[in-house]
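Please look through the sequence and the model below before reading on. The paragraphs that follow take you from strands and helices to the ligand, and then to two local details of the backbone.

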Amino acid sequence: MPRLLENNRLGGQKLQRIVYTEEDIRRRIQEMGAEISSAYHAADRLLLVGLLKGSFLFVADLVRAIDLPLQVDFLVAASYGAGKKSTGDVRLLYDPEASLRDRAVILVEDIVDSGATLNRLIPRLEARSPASLEICALLHKRLVTLDREPRWVGFDAPNEFLVGYGLDYAEDFRHLPYIASL
Ligand code: PRP
């Protein structure tokens, strides 16, 4: 029985099933790290920009799987509030301090759901003249076609409400080492 899932209950909430195990996630991130490592050169001055809060564990594991010099920064955006549906109102709460100009930038996102977050943020980042701008998403529900699709996707995810490994429901469950449906 995976940690914290005795009787499928956690803090009064019932988790339906584990969708990606800790091992599934670990193995896939190693593959993605290798792909990213072979797509760039040291001279590209790679900058990974993690979209918080959801991507905090993904960024931490992904950067350790990339075998290139790189730097890390974060953006904080939020749209879901305490509900299960995106409000569509993407608020930027913190903006990266690092300059993006002439650098190879990868925006790291935990999940693409309605696509509202990426569709709003990509033009804002493009306006800062990076040499290149790609998206790396751990999960993609494939519900919409984005203005710009992620170059790297960990898993095509089922259309269920997913929690764990950074993903929350009303701020709970982010610490789970696996991804489960609620
Ligand atoms: C969630 C998730 C993604 C985004 C995806 O973030 O972490 O960033 O929504 O949904 P979308 O494709 O419908 O825009 P949220 O706004 O809940 O903030 P969080 O990262 O702090 O959980």
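Three strands of this predicted model make up an open sheet in which the order is β3-β11-β10 and the pairing is antiparallel. The edges of this sheet are held by β3, residues 17-20, and β10, residues 162-163, and because each of these has a single partner strand, one side of each is left without a neighbour in the sheet. If you follow β10 to its partner β11, which covers residues 179-181, you find that the two pair in the antiparallel sense over two bridges. Within this pairing, leucine 162 stands opposite serine 181 in β11.

There is also an open sheet of six strands, and reading across it gives the order β6-β5-β4-β7-β8-β9, with mixed pairing. Its edge strands are β6, residues 91-94, and β9, residues 152-156, each of which pairs on one side only. When direction is ignored, neighbouring strands of this sheet are turned against each other by 25° on average. At the β6 edge, strand β5, made of residues 70-78, runs antiparallel to β6 and is joined to it by three bridges. Here alanine 77 can be found opposite leucine 92 in β6. Helix α1, spanning residues 22-39, packs on this sheet and touches β4 (46-52), β7 (104-112), β8 (132-140) and β9, while the direction of the helix makes about 160° with that of β9.

With the six-stranded sheet in mind, we can turn to the ligand. Which parts of the fold each supply at least two residues of the shell around the ligand? They are β5, β7 and α3, the last of which covers residues 116-126, and β7 gives the most, with four residues. There are 18 residues around the ligand, and those that come nearest are Ser79, Asp110, Ser114, Gly115 and Thr117. Sorted by character, the residues of the shell comprise seven nonpolar, five polar and six charged ones.

Some contacts of the ligand can be followed down to single atoms. In the side chain of aspartate 110, an N or O atom lies 2.7 Å from an oxygen atom of the ligand, and for the side chain of glutamate 109 the corresponding distance from an N or O atom to a ligand oxygen is 2.9 Å. Aspartate 168 also takes part, with a polar side-chain atom 3.1 Å from an oxygen atom of the ligand. Taken alone, the ligand exposes 490 Å², and the protein buries 93% of that area.

Finally, two places in the backbone deserve a careful look. Leucine 52 and lysine 53 are joined by a cis peptide bond, for which omega is about 5°, and lysine 53 belongs to the loop between β4 and α2, the helix of residues 56-63. The other place is alanine 170, which has a positive phi of about 50° although it is not a glycine. Where along the chain does alanine 170 lie? Alanine 170 sits in the loop between β10 and β11, the two strands that pair in the antiparallel sense.

Key
Residues numbered from 1 in each chain as written. Predicted model: local features only at pLDDT ≥ 70, side-chain atom pairs only at ≥ 80, totals over all residues. Heavy atoms only, no water. Pairing = 2+ DSSP bridges. Axes fitted to C-alpha atoms, helices over the stretch in contact; angles between N-to-C directions. Contact = heavy atoms within 4.5 Å. Near = heavy atom within 4 Å. Polar contact = N/O pair within 3.5 Å; in protein donor to acceptor, adjacent residues only side chain to side chain. Areas by Shrake-Rupley, 256 points an atom, 1.4 Å probe, with all protein chains shown as cover. Nonpolar A, V, L, I, M, F, W, Y, C, P; charged D, E, K, R; others polar.
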